[in-house]
Amino acid sequence: NALGLFSLVLVPVLMILLAVMGLHPFVSIMMFGHALGGLHLPLSQVTLALCLAMGGCVSYIVSPFGGIVLTLAKFLDCRVADIAFRWNRTFSLIFLLEGIVFVYLWGQFFG
């Protein structure tokens with residue numbers, strides 16, 4: 001609760017870091033959802049769910065262990081890290097920032 005609205009940024013970033021370290025994004029969505037669902041955060045449950053979904057989407061994009069990243073690396077004969085971090089970096093960063101703004105505005109107007 002002390003994090004307040006900073007949790008809108010912290011939760012997706014932690015999910016992305018866990019995905020890069022090898023934890024499947026779906027597992028991190030379930031783990032964070034279960035852990036944060038019972039807390040009394042200044043966010044509504046829908047806002048928290050949107051935050052988790054957005055973090056999960058970006059996690060799938062930048063995870064070097066994701067199926068599409070591994071498949072592309074095999075077909076294009078390049079390193080997995082090139083696809084996950086170099087090719088997807090700009091899109092993922094823009095998507096993350098846009099998603100955080102969307103989740104914040106959703107929470108302000110509908111939460």
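**Group meeting: pocket, cores and helices**

H6 gives four residues to the lining of the largest pocket, the largest share of any element. This is a predicted model, so keep that in mind throughout.

Let me stay with the pocket. Its volume is about 180 Å³. Which residues line the largest pocket? They are Ile 16, Val 20, Val 58, Val 62, Ala 84, Phe 85, Arg 89, Ser 92, Leu 93 and Leu 96. At least two lining residues come from each of H1, H3, H5 and H6, the last being helix 89–110. By type, the lining has eight nonpolar residues, one polar and one charged.

Next, the cores. The largest nonpolar core has eleven residues. They are Leu 8, Val 11, Met 15, Phe 32, Leu 36, Leu 41, Leu 43, Leu 48, Cys 51, Leu 52 and Val 103. Which elements give two or more residues to this core? Helix H1 (7–21), helix H2 (25–37) and helix H3 (45–62) do. Another core, of six residues, lies apart from the largest one. Among its members are Ile 16, Val 58, Val 62 and Ile 100. Ile 16, Val 58 and Val 62 also appear in the pocket lining.

Two members of the largest core deserve a look. Take Leu 8. Setting aside residues up to four places away in sequence, Leu 8 touches Leu 43, Thr 47, Cys 51, Ile 100, Val 103 and Tyr 104.

Now Phe 32, in helix H2. Buried or exposed? Phe 32 has a relative accessible area of 14%, under the 20% cut-off, so Phe 32 is buried. Beyond four places in sequence, Phe 32 contacts Leu 14, Met 15, Leu 18, Gly 37 and Leu 52. Pro 12 is 20 residues from Phe 32 in sequence, and the two C-alphas are 9.8 Å apart.

Leu 14, one of those contacts of Phe 32, sits in helix H1. Its relative accessibility is 34%, so Leu 14 counts as partly exposed. From Leu 14 to Ser 28 is 14 residues in sequence and 9.1 Å in space, C-alpha to C-alpha.

On to H3. This helix has 18 residues. From first C-alpha to last, H3 reaches 26 Å, close to the 26 Å expected at 1.5 Å a residue. Its buried residues are Thr 47, Leu 48, Cys 51, Leu 52, Met 54, Gly 55, Gly 56, Val 58, Ser 59 and Val 62. What do they pack against? H1, H2, H5 and H6.

Just after H3, look at Ser 63, in the loop between H3 and H4. At 4% relative accessible area, Ser 63 is buried. Leaving out neighbours within four places in sequence, Ser 63 contacts Ala 19, Val 69 and Ala 84.

Ala 84 takes us to H5. The buried residues of H5 are Asp 82, Ile 83 and Ala 84. Their cover includes H3 and H4.

Last stop, Asp 77. Where is Asp 77? In the loop between helix H4 (67–76) and helix H5 (80–87). Most residues other than glycine have a negative phi. Asp 77 is not a glycine, yet its phi is positive, about 55°. At 72% relative accessibility, over the 50% cut-off, Asp 77 counts as exposed. Compare Ser 63, also in a loop, but buried.

Methods
Residues are numbered from 1 along each chain as its sequence is written. This is a predicted model: local features need pLDDT of at least 70, side-chain atom pairs count only at pLDDT 80 or more; totals for chains, interfaces and linings use all residues. Side-chain values use heavy atoms; hydrogens and water are left out. A nonpolar core is a set of buried Ala, Val, Leu, Ile, Met, Phe, Trp, Tyr and Cys residues joined through side-chain atoms within 4.5 Å. Buried means under 20% relative accessible area, exposed over 50%, partly exposed in between (1.4 Å probe, protein chains only). Contact means heavy atoms within 4.5 Å. On a 1 Å grid over the protein atoms alone, a cavity is a set of points where a 1.4 Å probe fits but cannot get out, and a pocket is an open set with protein on both sides within 12 Å along at least five of seven lines; lining residues have an atom within 4 Å of a point. Grid points are joined across faces, edges and corners, and a volume is the space filled by probe spheres set on the points. Ala, Val, Leu, Ile, Met, Phe, Trp, Tyr, Cys and Pro count as nonpolar, Asp, Glu, Lys and Arg as charged, and the others, Gly among them, as polar. The expected span of a helix is 1.5 Å times one less than its number of residues.
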